[in-house]
Amino acid sequence: MSANLWFALVGAGLIALAAFTFFVQTHLLRRIFAFNIMGSGVFLIMVGMAQHLRQTDPVPQALVLTGIVVAVSATALALLIFRRFYALSAAVTLTQDNDTLGDSYEQEPRQ
Amino acid sequence: MMYLQIALICLGCFFFIVGTLGLLRFNDAYSRIHAITKADNLGLGLLVLGLLPSAVNAFQGIKLLLIWLLVLVASATASYLIAHYLKQQQEGDV
Amino acid sequence: MNLIPFLLVIPLAWALISLLLPRLPIGPIALLGMLVQSLATALLWRSVQLHGAERYAIGDWMAPLGITLVADGLTVTLLAITALIAMVCAFYALFYLRSHRHEARYFWPLFWFLLASLNGIWLAGDLFNLYVGLELVTFAAVGMVILSANRQTLAAGLRYLYMALLGSIGYLLGVALLYSAYGTLDMRQLAELIEPNWTTHVAMLSISLGLLVKTAIFPFHFWLPPAHGGALAPVSALLSALVVKSSFYILARLWLDVGADVLPVITAQGFGLIGACAIFYGGFKALQQDEIKMLVAYSTVAQLGYLMLVFPLAAGTAPEHSMLAWQGGMLHVLAHALAKSAMFLSVGTLVLAVGSKKIDALAGISTRIPLSLFAFGLAGVSLMGLPPSGGFNAKWLMLQSAIGSGQWHWVVVLSLGSLLTATYIFKVFRVSFDQQAIDSGKGLVKRAPWGMELSALFLAGLAIALGFAAALPVELLSLPEVESSLMEASQ
Amino acid sequence: MNLAFDVLLGIALLLCAAGVFYSRDLFRAVVMFIAFGLLLALVWVRLDAPDLALAEAAIGAGLTGVLMIDAVAHLSAKNAHHQGAQFDQTGARPQLWSRILPVFSAVIIFILLLGAIWWRPDAPVSLPDLVAESLPESGVEHPITAVLLNFRSYDTLLEIAVLLVAVVVAMALKPDTSEPEAGNSKDPILHGLSARLVPPMLVVGVYILWAGSYMPGGAFQGGAILAAALVFLKLAGFGIERLADSLLRIGLALGFIVFLTVATSVMIGGRPFLTYPESVAGELIFFIEAMLTFSIGLILFSLFSQAPPPVAPTSSLQGEQDER
Amino acid sequence: MNINFWLPLMVLATSLVSAIVIFIIPDERNILRGAFNLLAAIVKIAIVAGMIVGVYYQQEFETRFTLIGDIDFVLRADALSLLFAGLSSLLWLFTTIYAMGYLRGTPNRSRFFGFFSLCVASTMGIAMAGNLFTFLIFFEMLTLSTYPLVVHKGSKEALNSGRTYLIYTMAGGAVLLLGIAWLHSVVGAFDFAETGVLRDVDASFYPTLQIIFILLIAGLGVKAALVPLHGWLPKAMVAPAPVSALLHAVAVVKAGAFGIVRVIYNVYGVEFAASLQLLLPLAILASITIIYGSVQAIRQLDLKKRLAFSTVSQVSYIILGLALFGPIATVGGLVHLLHQGIMKVTLFFCAGLYAETIGVKKIADLSGAGQRMPLTSAAFTIGAFGMIGIPPTAGFVSKWYLGWGAMEAGAPWVLAVLLTSSALNAIYFLPIVHKLWFGKAPQQWPAEHIPFKRFETNPWLLWPAIITAAFSIGAGLLAAAGWSPLSWAELIAVREYLP
């Protein structure tokens, strides 16, 4: 039960938790949190499992580094679009039911 | 030498605990900031002192001190900014 | 001087040019870039046709350590289709963007990044490299969807981005598990090492779920219609024809080429089942739409269902039937790419000319904008799988494979599916022949620029020509690289 | 003894993540998220991955945190407290489905992953030995930088392209009719601190870039610190984001241009794509890394500064007109 | 790659090229479009005639290139294909003339004639298809090109009837595709052979071959308007007269019947089909359609609807002839394919003439039309007599051979069916003829568009009707002559049966 394996399990726990939140929460920002934490969980599994009972492996670490940078650009992109969407529609969630082009957001009374 | 280090580190941790206790117990925001910055800086200083003897070479020791210095400056400015923001908030509301 | 890297360098270089020098005349630059790109693709096509598949180690580091690019028959065909459709969409966009000033500024850099990442995915032979390629495709695609920054497209872009990110997380999780289990990221080495155990099954399941989300197959399809329906016409053409296929290509490569003997029959039949649901669900929803672009977007959801039928037909059946299914599936990728991009481009012209996205606003256009409607019709013929078209040949091959391997339920799905497609295609035609609307002269119709009508017609013509000249791509599709894995897989 | 610390750290990480999801107030969620990032940096140290610790702290916790705080600050008061903590009452989903299915699927995911992790077969191919073996030819001592910039440099090339696309979309989203955002009030103390603090930050950034070739560090971490310095300047009121648009564009793409030109120019000598000639590999890699650090710094900063303003500019929005 | 390779393709190309050109010509340019149409029709007839002579002297005309895998695109002109090709190219010429006169001044003429030539291209393709795959390509192309013609008027009613037409033909196409795909997976790629291909398939496949035969006949039956699948034909009468004349008398309906001929003779081989007991149920179905068609025709009040139902029953004569196992019945069926085409076109032309000149659509107010339009009524009477099978006309020849073939095939009940149907034909045609000549003309015709100048109506419309009427008599009287349709049908029948 080396540290690597434990952290891989913690990663799995993070993924499960984040997946649960992704289904339940509809607030767009909270979903960005969920997506980030799920990413960190996957990175933990990648490094943890690769180094379990083996020498420290630079390849998954390099991949995770690339992953972190990609994750930050994804978060930045999501935040950008969200803020522009919020500026236009003052809505914080995307309603799933009507996916026609008409009214696809939860209209909030403008303050 | 070992015992001195352990003593210093325990003392540092004690101050950390006191600071956190202060954070939880005090009622208004200003005193809470006060508690945190003061206690933690002192705690960190003791911790660094405790670790200095086991530093591999002088260069690493200087780096430890630099870290302490940076934290000092940063927490000072941070607490000032938070207090400033809170004051503006209260003036804004009242 | 091998050609493979140039297919990546050219689009990336042109992306930089169009990003850094916006004042240069965009049109000629873009077309020049596309010509060079198509020339390189054609040369690569020729060399692969003559000497068979090529493997290219980047940085001269051998397989497990470095990244290898693989150019076999299927890759080259997909590269050719991408270059072709991208060129026509670029030509179309030159005219289309004249009336969309705001979007034109950042369209071209995103267009080139999209093209570069698509080429990267077709060529990639390394799992993590595919992940970065997928991310690049998604970001460029989301960027292009939200170019016209209004409420609908932003909401659609957000929903697209969130689902795509979830999908790539699933894919990355699978790659992480596979790497920890087999120690290598190279697909060919993985194909030799892979054997069914718990980790592999969970990894392949998570990769499949991730890629299904990105290919918008039935249960995860709801992000596609607003995104493809709301975007600019050339953008939705590129997205529907190529971007959605890139994740399907990876799924097909992983299941049928790399993990052929790990694919349990129930999973393959499961894929077929959700494919069938996609066909019927997409068809019914397309029938109910009153906006033309949403109708075409839902038709994409339905047509993607056909692609999923490749798995049950190719896995666990006799070698010649699985080869037929593989050829049929990949030919459907080509035919649908051509037909759908032609349809989106012609719809773009019609919407621009008529001024509204509603279907009943298109009443009586058969007399005023006949060329675009004719292109829409030809593309419809290929989508419906009526004989002289590429779509028909793909359906024919899949029917042969289904009948040969005795899976009658897929035969029924295939035939009912194309009938359903016919219903919503002819719904549009019924409106366009409506004489009352012509007599009552509903609103004047702006003359659409010739470039737009011709590009749509060219692609539609190609979709029909694929019906006659299907032998060339199909023979190239089933090069030894693919054949060998399918053959020993199904022994 | 170490295992106890690791277990504690793992549990703290999980609690922190739960805290992020279930704190009622969004601002509190962001603070928890930053704490999560720092804890994760500690975990990377425990997993013997110092590079990742640096990157996680600088980019994961630092920059993402900054972006999040900026976004949350712009939400209106009511939205900041958007419930979402418990099961979503406002969601349109039927009661049963929204309560049982997520729990069920989360548990399934966890069990599957548990099995996958537990019964993992031992890997026939061992990449670390291959890396160690061909490390001398890579021109760099530190294995991770070797993998990133030599063995799998094509991944890094695409990754920079990903960053660039994110910036291009940011620029595309910025409404061209927006009046420049009101400069932050020039706070004397912050101003003074930043004037003294930014130079050492730049020195540290360059040091980390330089150290990357023989110990943990490198382009991304250096770039992140550079970005932090620039963000610090912007917050302290130095109006630096008004760099000319084209200058900003060139600055952003510089790293990518250098990387691409080096990658293709090596091909002239008949070598395959992205093969650095043996003799000059180290210098070439460092040159690319330096340019990359500069570009990444600028990109990460402009992702922060290019964010669209909270309120739609008064002038009718470009998007609306197009939608006839 | 000599001329024989290109001739079949040339026939197709003439109408495809003219279709594209006509689509581009703006509506007003009548003369240019008319010239193009006639030129294309004449060139087509010349090539077909050339091929007929060639086939008579045992020459081979074939265009072949591979499509996909082992399937290739084959256009071959053999005796049977030229029978249908000759019929449709000849009648196409007259119908084009008729349509030019009929549609003068109406909107969307270019669109109409464009799709009109696409239709003739697909009919030619169907006639000359060398294997089932090519046949299917043109079969579906025919559906696509006829839909715009059916909905040409653009009225609500036309659009609805277009939709029903599509539902029937699309479903038929899907079933046909299923049959062909299944047959291909069982037997592999094959071309039409003079005496059928499936004889040497091993016995275990017989039940599958029977099911495939049912699928093929159902798919083709939709277009051949067999009883349960004929619903679309009466509704399609809403189309303009030249469309209903040509499509629902010659192109679409005959394509279905021609397909059934191909399946029975060139795919299964008539002996093999008989041995599988497939022909008898087909004959029964055909007879039911004949009786049902005639009964329905009697109930119709509208002239074109009555003619439509009579087409339903007449086409089943052909299928009846094919389904009887014997060379003479085959000759009867094949020659009826030709004769029925000529006679029905005449009747539809006359119906169109009545509607155009004196605005008469209902049978009731046709009385006295003979005085007003003697020539049209004469043509109508000849057509009607042909339908009933009165001696001098072509109809009599084909019914005679059918009866004789039935006796020879030992199926006397078929003779009874023929007699009752002829009687029914008489019941629904003779009252019209009587009303035409002996009815009392009303003072004012409902809508007299074209005044009585030198001729009773627009010459463009009149002459095609008269020529086709002359042909129907000629085919009857000169049946024994060398070049008559009858001798050509005998030539085909001889080759179809095993020596």
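This report describes the contacts of chain D with chains A and C, one helix pair within chain D, and annotated segments of chain B.

The model is predicted, so that local features need pLDDT of at least 70 and side-chain atom pairs count only at pLDDT 80 or more, while totals for chains, interfaces and linings use all residues. Residues are numbered from 1 along each chain as its sequence is written, and chains are lettered from A and ligands numbered from 1 in the order in which they are written.

**Contacts of chain D with other chains**

Taking two residues to be in contact if their C-beta atoms, placed from the backbone, lie within 7 Å, 78 residues of chain D touch 65 residues of chain A. Helices here are DSSP runs (H or I, at least four residues; strands are E, at least two), numbered from the N terminus. On the side of chain D that touches chain A, two or more residues come from each of α1 (2–22), α2 (26–46), α3 (50–74), α5, α6, α7 and α8 of chain D, and α3(D) gives the most, with twelve residues.

Towards chain C, the contact takes 51 residues from chain D and 52 residues from chain C. At least two residues each are supplied by α5 (95–118), α6, α7, α8 (153–173), α11 (245–268) and α13 (318–322) of chain D, with the largest share, 14 residues, coming from α8(D).

The table gives the residue classes, where Ala, Val, Leu, Ile, Met, Phe, Trp, Tyr, Cys and Pro count as nonpolar, Asp, Glu, Lys and Arg as charged, and the others, Gly among them, as polar.

| Side of chain D | Nonpolar | Polar | Charged |
|---|---|---|---|
| touching chain A | 55 residues | 13 residues | ten residues |
| touching chain C | 32 residues | nine residues | ten residues |

**Helices α6 and α7 of chain D**

Helix α6(D) (residues 127–138) packs against α7(D) (residues 143–151) at an angle of about 70 degrees, with their axes 10 Å apart; axes are lines fitted to C-alpha atoms, for helices over the stretch in contact, and angles run from 0 to 180 degrees between N-to-C directions. The two helices are therefore roughly perpendicular to each other, a term for angles of 65 to 115 degrees. The contact is made by D:Val131, D:Leu135 and D:Ser138 of α6(D) and by D:Pro143, D:Ala146, D:Val147, D:Asn150 and D:Phe151 of α7(D), and these residues divide into six nonpolar, two polar and no charged.

**Annotated segments of chain B**

An unreviewed UniProt entry lists residues 6–27, 39–59 and 65–86 of chain B as "transmembrane region". Residues 39–59 of chain B are 71% helix and 0% strand, with the end C-alpha atoms 27 Å apart, whereas residues 65–86 of chain B are 100% helix and 0% strand, with the end C-alpha atoms 32 Å apart.

Definitions and conventions:
Parallel < 35°, antiparallel > 145°, perpendicular 65-115°, else oblique. UniProt positions renumbered as here; feature names shortened; annotations may be inferred.
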